[in-house]
Amino acid sequence: QVQLVESGGGSVQAGGSLRLSCTASGNTYRLYCMGWFRQAPGKEREGVADIDGGGNTNYGDSVKGRFTISQDIAKNTLYLEMNSLKPEDTAMYYCAARRAGIECRGGYPLVPDFFYWGQGTQVTVSS
């Protein structure tokens, strides 16, 4: 099993920045694809970004140029640097991982592709 724990959420004004972290524990061997998703009240969960073991990244259109996904494999930690935040970025943000041995699909990260999920961390952006 794999456990994912997010941190770093909070409240910020529009134009501000936040950095989310996700620490993985358990059977993390061969987790080749990690990602961030978000879900706003009344909306479906959507992909934000994902990254593979080689550092290749994919982003949702709404965050391209503002968010950066990265990872520290030695620390089993995934990051999401969020800049130029907008009120529409307000959501619960979730860390996720595909099953061991499975690479990222490429393109927009899709919820059904990911098997392991964290509990989420809230991000609120005020105007």
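**Strands, cores and two odd loop residues**

User: In this predicted model, does Arg30 count as buried, partly exposed or exposed?

Analyst: Arg30 has a relative accessibility of 38%. Buried would need under 20% and exposed over 50%. Because 38% sits between those cut-offs, Arg30 counts as partly exposed.

User: And where is Arg30 found?

Analyst: Arg30 is not a glycine, yet its phi is positive, about 70°. As for its place, look at the loop between S3 and S4.

User: Which residue in the loop between S7 and S8 has a positive phi although it is not a glycine?

Analyst: The phi in question is about 55°, and the residue has a relative accessibility of 33%, so it counts as partly exposed. The residue sitting in that loop is Asn76.

User: How many strands does the protein chain have?

Analyst: Going from the N terminus, the elements run β-β-β-β-β-β-β-β-β-β-β. Helices come to zero, and the strands come to 11.

User: What radius of gyration does the protein chain have?

Analyst: Start with the chain length: 127 residues. For a compact globule of that length you'd look for a value near 14 Å. The chain's own value agrees with that, at 13 Å.

User: What share of contacts between residues at least 6 apart in sequence joins residues at least 24 apart?

Analyst: Take Leu80 as an example: its contacts beyond four places in sequence include Leu18, Leu20, Trp36 and Val48. For the protein chain, the share joining residues at least 24 apart is 61%.

User: Which residues have the most contacts inside the largest nonpolar core?

Analyst: That core has 28 residues. Strands supplying at least two residues each include S1 (2-7), S4 (33-39), S8 (77-82) and S9 (91-97). The ones with the most contacts inside the core are Leu4, Trp36, Leu80, Met82 and Tyr93.

User: How many residues are in the second, separate core?

Analyst: Among its members are Phe37, Ala96, Cys104 and Phe114. The count for this second core is five.

User: What percentage of the accessible surface belongs to carbon and sulfur atoms?

Analyst: Of the 127 residues, 43% count as buried. The accessible surface of the chain comes to about 6500 Å². The part belonging to carbon and sulfur atoms is 46%.

User: How far apart do the centres of the positive and negative side chains lie?

Analyst: There are 12 positive side chains and 12 negative ones. The C-alpha atoms fill a box of roughly 40 × 25 × 25 Å. Within this chain, the centres of the two charge sets lie apart by 2 Å.

Conventions. Residues are numbered from 1 along each chain as its sequence is written. This is a predicted model: local features need pLDDT of at least 70, side-chain atom pairs count only at pLDDT 80 or more; totals for chains, interfaces and linings use all residues. Side-chain values use heavy atoms; hydrogens and water are left out. Helices (H or I, at least four residues) and strands (E, at least two) are DSSP runs, numbered from the N terminus. The radius of gyration is taken over C-alpha atoms; the globule rule is 2.2 Å times the number of residues to the power 0.38. Buried means under 20% relative accessible area, exposed over 50%, partly exposed in between (1.4 Å probe, protein chains only). Contact means heavy atoms within 4.5 Å. Accessible areas come from the Shrake-Rupley method with a 1.4 Å probe; for residues, only the protein chains shown count as cover. Lys and Arg count as positive and Asp and Glu as negative; His and the chain ends are not counted. The place of a charge is taken as NZ of Lys, CZ of Arg, CG of Asp or CD of Glu. A nonpolar core is a set of buried Ala, Val, Leu, Ile, Met, Phe, Trp, Tyr and Cys residues joined through side-chain atoms within 4.5 Å.
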